[in-house]
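I have opened my notebook on a structure that is new to me. Here are my entries, in the order in which I looked things up.

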Amino acid sequence: MANELTIPLLPCPSIDEIASFYQMLGFEITYRQTRPNPHVAVRREDINLHFFGMDDYDPAQSYSSCLVIVADTSELFEAFAAGMRSVHGKLLVSGIPRMTRPRLRNDRHTGFTVVDPGGNWIRINKAATEPEAQTKLAKAMENAARQADARGDERQGLKILEGALKRATGDEPEFQAVRDYRDELVERIKGV
């Protein structure tokens with residue numbers, strides 16, 4: 001067989017809150033059921049996400065995650081960011097919900113993560129390509145993003161970036177991006 005389609009169901013405390021959040025990001029509701037089991041499906045182009053309501057579900061304790069592979073992460077990030085800014089007046093970078101920024105590595109943008117109101121980590125990644133040679137700062141940025149954005153350990157990501165910046169000369173192409181990401185992690189740790 002070929003051309004199968006698999007769409008896992010992700011948990012949430014409220015399908016109404018999930019539906020509103022994803023509509024903000026430009027998704028449309030394609031299915032909604034409140035009884036006997038709460039279920040909502042959302043779609044944006046070829047991205048389909050389904051959620052089920054779960055009483056007493058704590059988003060802060062969620063381990064749910066989903067990968068979305070796209071050709072260009074920056075276009076999708078900009079669309080999501082515009083929706084978030086139109087509703088909240090800013091990009092939410094800490095707490096639940098939140099969204100990380102794509103990192104510029106070797107003249108290409110990498111993935112970003114959306115943590116929705118259900119605590120689900122929707123990881124938007126670029127389709128794999130051949131690995132490119134990286135500078136020490138670029139490697140530090142990748143390692144920090146892996147710790148902070150993928151694992152949720154902002155303090156470890158910050159530690160990696162601060163160590164790399166101490167060793168940097170300041171003329172590396174990634175220097176400003178690393179400083180910006182360090183500042184973002186400080187902001188996220190403070191919970192601003």
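**Entry 1: the sheet.** I began with the strands, bearing in mind that this is a predicted model. Four strands make up an open sheet with mixed pairing, and I read their order as 5-10-9-6. Strand 5 (65–70) and strand 6 (98–99) are the edge strands; each has a single partner strand, so one side of each has no neighbour in the sheet. I reminded myself that strands in a sheet pair through backbone hydrogen bonds, either parallel or antiparallel.

**Entry 2: the two edges.** Which way do strand 5 and strand 10 run? I found them parallel, with six bridges joining strand 5 to strand 10 (residues 121–126). On that edge, V68 has I124 of strand 10 as its bridge partner. I also sorted the two faces of strand 5: C66, V68 and V70 are on the covered face, while S65, L67 and I69 are on the uncovered one.

At the other edge, strand 6 and strand 9 (residues 112–115) run antiparallel and are joined by two bridges. There I noted R98, whose bridge partner in strand 9 is V115.

**Entry 3: the cavity.** How many cavities of 30 Å³ or more does a search of the whole structure find? The search finds one, and I noted its volume as about 30 Å³. I then listed the lining: Y22, L25, F27, I47, L49, F80, V114 and I122. By type, the lining has eight nonpolar residues, no polar ones and no charged ones.

**Entry 4: helix 4.** I checked the length of helix 4 (residues 154–167) next. Its 14 residues, at 1.5 Å a residue, should span 20 Å, and this agrees with the 20 Å between its end C-alpha atoms. Which residues of helix 4 are buried? I wrote down E154, G157, L158, L161, G163, A164 and L165. The cover over the buried residues includes helix 3 (136–150) and helix 5 (175–190).

**Entry 5: P13.** I found P13 in the loop between strand 1 (9–12) and helix 1 (15–24). With a relative accessible area of 34%, P13 counts as partly exposed. Beyond its neighbours within four places in sequence, P13 has contacts with M54, Y57, P59, P117 and G118. I also looked up P13 and G119: they are 106 residues apart in sequence, yet their C-alpha atoms are 9.5 Å apart in space.

**Entry 6: backbone oddities.** I kept one rule in mind here: most residues other than glycine have a negative phi, and most peptide bonds are trans.

- The peptide bond from R35 to P36 is cis, with omega near 0°. I placed P36 in the loop between strand 2 (28–33) and strand 3 (39–44).
- I noted another cis peptide bond between I96 and P97, with omega about 0°. P97 is in the loop between helix 2 (73–88) and strand 6.
- E45 is not a glycine, yet its phi is positive, near 50°. I found E45 in the loop between strand 3 and strand 4 (47–53).
- D56, also a residue other than glycine, has a positive phi near 60°. D56 is in the loop between strand 4 and strand 5.

Are E45 and D56 buried or exposed? I noted E45 as exposed because its relative accessibility is 70%, and D56 counts as exposed at 82%.

Note on methods
Residues numbered from 1 in each chain as written. Predicted model: local features only at pLDDT ≥ 70, side-chain atom pairs only at ≥ 80, totals over all residues. Heavy atoms only, no water. 1 Å grid on protein atoms, 1.4 Å probe; cavity = no way out; pocket = protein on both sides within 12 Å on 5 of 7 lines; lining within 4 Å. Points joined across faces, edges and corners; volume = space filled by probe spheres on them. Nonpolar A, V, L, I, M, F, W, Y, C, P; charged D, E, K, R; others polar. Pairing = 2+ DSSP bridges. Expected span 1.5 Å × (residues − 1). Buried < 20%, exposed > 50% of the residue type's maximum accessible area, 1.4 Å probe, protein only. Contact = heavy atoms within 4.5 Å.
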